[in-house]
Each structure stands twice: as C-alpha cells, then as structure tokens.
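Visitor: I would like a close look at one part of this model, with the cut-offs spelled out as you go. Please pick a single strand and follow its neighbours outwards.

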Amino acid sequence: MIEFDSVSHAFDDVSVLSDVSLSIDDGTFVVLAGANGSGKTTLLRHCNGLLSPGSGTVLVDGTPVEDDLIGARSSVGMVFQHPRDQFVAATVGADVAFGPENLGLSREEIDRRVEGALEAVNLAGREDDLIEHLSGGEQSRVAIAGALAMNPTHLVLDEPFTGLDAPARRSVLARLESLVDDGTGVLLATHDLRDVRELADRIVAMRDGRVVVDGRPDAALAELGALEVRVPDH
Ligand SMILES: Nc1ncnc2c1ncn2[C@@H]1O[C@H](COP(=O)(O)OP(=O)(O)OP(=O)(O)O)[C@@H](O)[C@H]1O
C-alpha cells in the first residue's frame, strides 16, 4: 500500500500540496485527476523519494519512503511525463532490459519480461529499434514498458497516454487491468478521464494542492464538473 499521511510540500515558500492524505491499496486502480498545476506530478514524485514532504509522511508498505529509499524505488514503478529524459540505452530492448538486468535476473527471465512488456504496449518485436528514431508516443510506450518489466508491486504513472493512439492506450489499459487483478496498486494521473473511468476503482481529484474529491467513479465524476477536468459523456 502507498499512503500519503497529511503531506504538504512547497517550492520556494509557495505551497503546492496542502495536507494530502490518501491511500492506494494493493489491487486497486486509483485515478488522480485535476487541472494543470493542481499538484498531481508533485504528489507522485513523493512516491519514491524524488521529493520529500515539507511535513507529513509518505509510506510504502508501511515504511516511510525516506527510511528505505532503495526499497521504495524497487517496489514503486514510476512512469514520468517526459520519457525522453529517462532513457538509459540507445535501443528499445536494451532500455527496457536495463531495470530487470539490475535485479540480477537470468537472461531468459530478462528476455521474457522485455518481450511481455513490449507486447503490452504494442511494440512487440521492436527490440532493435533506436529510441531516438521513435515518435513521442512510441517513446512513451517504451517508458511504460520499462516500468512494467520491473514487475513492481505498485505502479505510478503520470499522464501516460499523452501521444498514444487508441490501440496503444487500450493495450496499456488492458495490461494495467490485469496487473491490478493480480494485486498491483496503480496510481495514474491524468487530466482526461475518457479512457480510465471504466477501470478506476476510485477517482481522486486535486485542486490547488488539495484533495477535493475521493470516491467511486460515478460519485466522483458527479462532483468533478467544477474542476476543469474533462468528464466523459458516456
Ligand atoms: N520544481 C518546481 N519548482 C517550482 N514550482 C514548481 C516545481 N514543480 C512544480 N511547480 C509548481 O507546482 C504547481 C503544481 O505543479 P504540478 O506539476 O505538480 O501540477 P500538475 O497537476 O501535475 O500539472 P500538469 O497536469 O500541468 O502536469 C504548479 O504551480 C507548478 O508551477
């Protein structure tokens, strides 16, 4: 479980998160919604210690992140908004394999994970492609595959669907759904709820650094209109 306990954060004395309390249970899919600038990315960056709270605590499986940074970073898979900054290898296969290789897995297991992760993002068989030659959407999918290949206990994704076409979005969502069924906790930030409303167990919405809505999708969507979040028609 990932728990935010009264988390506040400020950049240069400007408050960006105010007293956020939230928990992501294992095996649940929680969607974090909110307008641009509402604090979603800042919140997510606390899950593996990229940011530390000014006050409050973030716990991963009961341990404060700052007490076991390595533990948090191994069990929380993160997919960031700008994948271009995250790549560590020139080719798709080498980049996706990088994390599993650092876990000391066998070559067969690494290859199996890379293959499965690329399949999940509709990039099966593209191991040898150069990342710099891929489109932005394809690069996003490689970043998602890199996180999936780690088999993390928790998965945190920041606007993962930017630049993805409909088949790729469906493929990623199907993999997320099966991971959740297998017990992974997923926290996914988006300002566009079209794709995720069906799958979400809960929708949490932020405004000005505060959680203003937290509930089951139908009830939460009914409250979201005032938050400049795109609400689907159906
Ligand atoms: N490193 C930083 N230094 C100063 N201010 C920052 C920094 N990172 C974010 N902010 C500010 O914090 C506020 C929240 O930003 P954040 O990126 O968390 O919002 P968001 O909900 O993820 O928005 P978006 O959907 O645009 O990514 C914004 O006002 C932003 O300008």
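Around one strand

Guide: Let's start with Leu32, whose bridge partner in strand E8 is Ala189. Strands such as E8 are DSSP runs (E, at least two residues), helices are runs of H or I with at least four, and both are numbered from the N terminus. Please keep in mind that this is a predicted model, in which local features need pLDDT of at least 70 and side-chain atom pairs count only at pLDDT 80 or more, while totals for chains, interfaces and linings use all residues. Residue numbers start from 1 along each chain as its sequence is written. The pLDDT, the predictor's confidence in each residue from 0 to 100, has a mean of 91 over the chain, with 96% of the residues at 70 or more. For the complex, the predictor gives an ipTM of 0.96 and a pTM of 0.90.

Leu32 also has a bridge partner in strand E9, namely Val204. The strand to follow is E3, residues 29-34, where six of the six residues are buried. Buried here requires 20 or more other C-beta atoms within 10 Å of a residue's own; exposed means 12 or fewer, partly exposed lies in between, and the C-beta atoms are placed from the backbone. Phe29, Val31 and Ala33 point one way from E3, and Val30, Leu32 and Gly34 point the other way.

Now for the strands alongside. Two strands pair if DSSP finds at least two bridges between them. E3 and E8 are parallel and share four bridges, while E3 and E9 (residues 202-207), also parallel, are joined by five. These strands belong to an open sheet of six, ordered E6-E7-E8-E3-E9-E10, with mixed pairing. At its edges are E6 (76-79) and E10 (210-215), each of which pairs on one side only. From one strand to the next, the twist averages 15°, taking axes as lines fitted to C-alpha atoms (for helices, over the stretch in contact) and angles from 0 to 180 degrees between N-to-C directions.

On the E8 side, Phe29 stands opposite Val186, which lies in E8 itself, residues 185-189. Val186 is buried because 25 other C-beta atoms lie within 10 Å. Beyond its neighbours within four places in sequence, Val186 is in contact (C-beta atoms, placed from the backbone, within 7 Å) with Phe29, Val30, Leu155, Leu176, Leu179 and Val180. Val186 is also 7.9 Å from Leu157, C-alpha to C-alpha, although 29 residues separate the two in sequence. Further along the sheet, helix H5 lies across E6 and E7 (154-158), running at about 175° to E6.

At residue 34, E3 brings us to the ligand. Gly34 is among the residues that surround the ligand, together with Phe11, Val16, Asn36, Gly37, Ser38, Gly39, Lys40, Thr41, Thr42 and His191. Membership of this shell requires a C-beta atom, placed from the backbone, within 6 Å of the molecule. Helix H1 (residues 40-44) supplies the largest share of the shell, three residues. By character, the shell divides into two nonpolar, eight polar and one charged; Ala, Val, Leu, Ile, Met, Phe, Trp, Tyr, Cys and Pro count as nonpolar, Asp, Glu, Lys and Arg as charged, and the others, Gly among them, as polar.

Key
Two residues are in contact if their C-beta atoms, placed from the backbone, lie within 7 Å.
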